[in-house]
Amino acid sequence: MAALLESAWRYLITNFSDFQLACVGSFIIHESVFFLSGLPFIFLEKAGWLSKYKIQAKTNSSAAQGKCISRLLLYHFGVNLPVMIVSYPVFKLMGMRSTLPLPSWKVVFGQIIFYFIVEDFVFYWGHRILHTKWLYQNVHSVHHEYATPFGLTSEYAHPAEILFLGFATIVGPALTGPHLMTLWLWMVLRVLETVEAHCGYHFPWSPSNFIPLYGGAYFHDYHHRLLFTKSGNYSSTFTYMDWIFGTDKGFRNLEAIKKAES
């Protein structure tokens, strides 16, 4: 497996420049993973399949779904891609490399864990700030246009928010200067996590059923249902920040009431 991966990586660095891989390659991987993981939830919602696992009974219209996709394409090509290009020299300065040898899996695993910890901390405070009155009304309310989220709404946001909360994702890698392969793996995991958190479905196989402190769709859907500035459940991947600062009390109280009534 390691030899096969190294051979594939050698092909990439032989045929493409470092800039092409870091910018265009990263963009292609992001778009592929994002839309391939997010689009199925649109079809599930429209077809009514697996509806018993849908968190909210309400569905989105075709027009609302189409608006989301068109805006996403505009933001991805108009904001995300330029940011990737502009930030390339910064990542190179911080030590990012794409050369062989590839990092060991111990190094990759350690860095990914570090990225999750840093991202959870920075995202929590950034997201909580976005729920202050002025920022919510003028910036974050765009993301909350969808009270019933579906996978692709995870990245539907005001351009300023894309830049603001995007910092939470890149600050960890910027601090460690990772190998490009590690950066790609981190990006894939973050995309899959945020799409799942917004998918609108809680399945028996959802990660939150198996991973302690993992938020997931059920936890984050509560956040979208409450359309005011202090809804709580601000966490990104793991929920310990909400637990520490008590911003998940509304959610936990509601769950306690449901449990008592069942």
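Here are some notes on the predicted model above, point by point.

1. Let's start with His223, which sits in helix α8. Its relative accessible area is 0%, so His223 is buried. Two polar partners are worth a look in your viewer. The His223 side chain makes a polar contact with the side chain of His144, at 3.1 Å. A polar atom of the His223 side chain also lies 3.5 Å from the backbone oxygen of Asn233.

2. Who else is around His223? Once neighbours within four places in sequence are set aside, the contacts of His223 are His127, His131, His140, His144, Ser231, Gly232, Asn233 and Tyr234. Four histidines are on that list, namely His127, His131, His140 and His144. If you plan to assign protonation states, that list is the one to have open.

3. Now the surface. Trp49, Leu50, Trp205, Phe210 and Ile211 make up a nonpolar patch there, and together they have about 610 Å² of accessible area. Phe210 comes from the loop that runs between α7 (180–197) and α8 (216–225). Is Phe210 buried or exposed? Its relative accessible area is 61%, over the 50% cut-off, so Phe210 counts as exposed.

4. Leu50 belongs to that patch as well, but from another loop: the one between α2 (18–47) and α3. At a relative accessible area of 38%, Leu50 is partly exposed. Its backbone deserves a glance too, with a positive phi of about 55° in a residue that is not a glycine.

5. That brings up backbone geometry. Most residues other than glycine have a negative phi, and most peptide bonds are trans. Besides Leu50, with its phi of about 55°, look at Leu213, a non-glycine residue with a positive phi near 70°. Leu213 lies in the loop between α7 and α8, where Phe210 is also placed. As for peptide bonds, the one from Leu100 to Pro101 is cis, with omega near 5°. Pro101 is in the loop between α3 and α4 (105–130).

6. On to the rings. How many aromatic pairs does the model have? The count comes to 23. One of them is the pair of Tyr218 and Phe251, an edge-to-face arrangement with 6.0 Å from centre to centre and 70° between the planes. This pair links distant parts of the chain, since Tyr218 is in helix α8 and Phe251 in helix α10 (residues 249–261), 33 residues apart. The two partners fall into separate accessibility classes: Tyr218 is partly exposed at 25%, whereas Phe251 is buried at 11%.

7. There is also an aromatic cluster, made of Phe114, Tyr115, Phe116, Trp186, Tyr214 and Phe238. Select these six together if you want to see how the rings are arranged.

8. Helix α3 (residues 62–93) holds Asn80, and Cys68 is found in helix α3 too. Both are buried, Asn80 at 13% relative accessibility and Cys68 at 0%. Leaving out residues up to four places away in sequence, Asn80 touches His30, Tyr75, Glu155 and Ile162. With that exclusion, Cys68 touches Tyr146, Phe150, Leu152, Thr153 and Tyr156. For a sense of scale, the C-alpha atoms of Cys68 and Arg190 are 20 Å apart in space, with their positions 122 residues apart in sequence.

9. Last stop: Met241, in helix α9 (residues 240–245). What does Met241 touch, not counting residues up to four places away in sequence? The answer is Asp120, Phe121, Tyr124, Trp125, Ser235 and Thr247. Met241 counts as buried because its relative accessibility is 4%, under the 20% cut-off. Ala197 makes a handy reference point: Met241 and Ala197 are 44 residues apart in sequence, and their C-alpha atoms are 16 Å apart in space.

Terms used: Residues are numbered from 1 along each chain as its sequence is written. This is a predicted model: local features need pLDDT of at least 70, side-chain atom pairs count only at pLDDT 80 or more; totals for chains, interfaces and linings use all residues. Side-chain values use heavy atoms; hydrogens and water are left out. Patches are made of residues with over 30% relative accessible area and no salt bridge: like charges are joined within 9 Å, nonpolar side chains (Val, Leu, Ile, Met, Phe, Trp, Tyr) within 5 Å. Accessible areas come from the Shrake-Rupley method with a 1.4 Å probe; for residues, only the protein chains shown count as cover. A salt bridge is a side-chain nitrogen of Lys or Arg within 4 Å of a carboxyl oxygen of Asp or Glu. Helices (H or I, at least four residues) and strands (E, at least two) are DSSP runs, numbered from the N terminus. Buried means under 20% relative accessible area, exposed over 50%, partly exposed in between (1.4 Å probe, protein chains only). A polar contact is a pair of N or O atoms within 3.5 Å; within protein, one must be able to donate a hydrogen and the other to accept it, and residues adjacent in sequence count only if both atoms are side-chain atoms. Contact means heavy atoms within 4.5 Å. Rings of Phe, Tyr and Trp (its six-membered ring) pair if their centres lie within 6.5 Å; planes under 30 degrees apart count as stacked, over 60 as edge-to-face and the rest as tilted.
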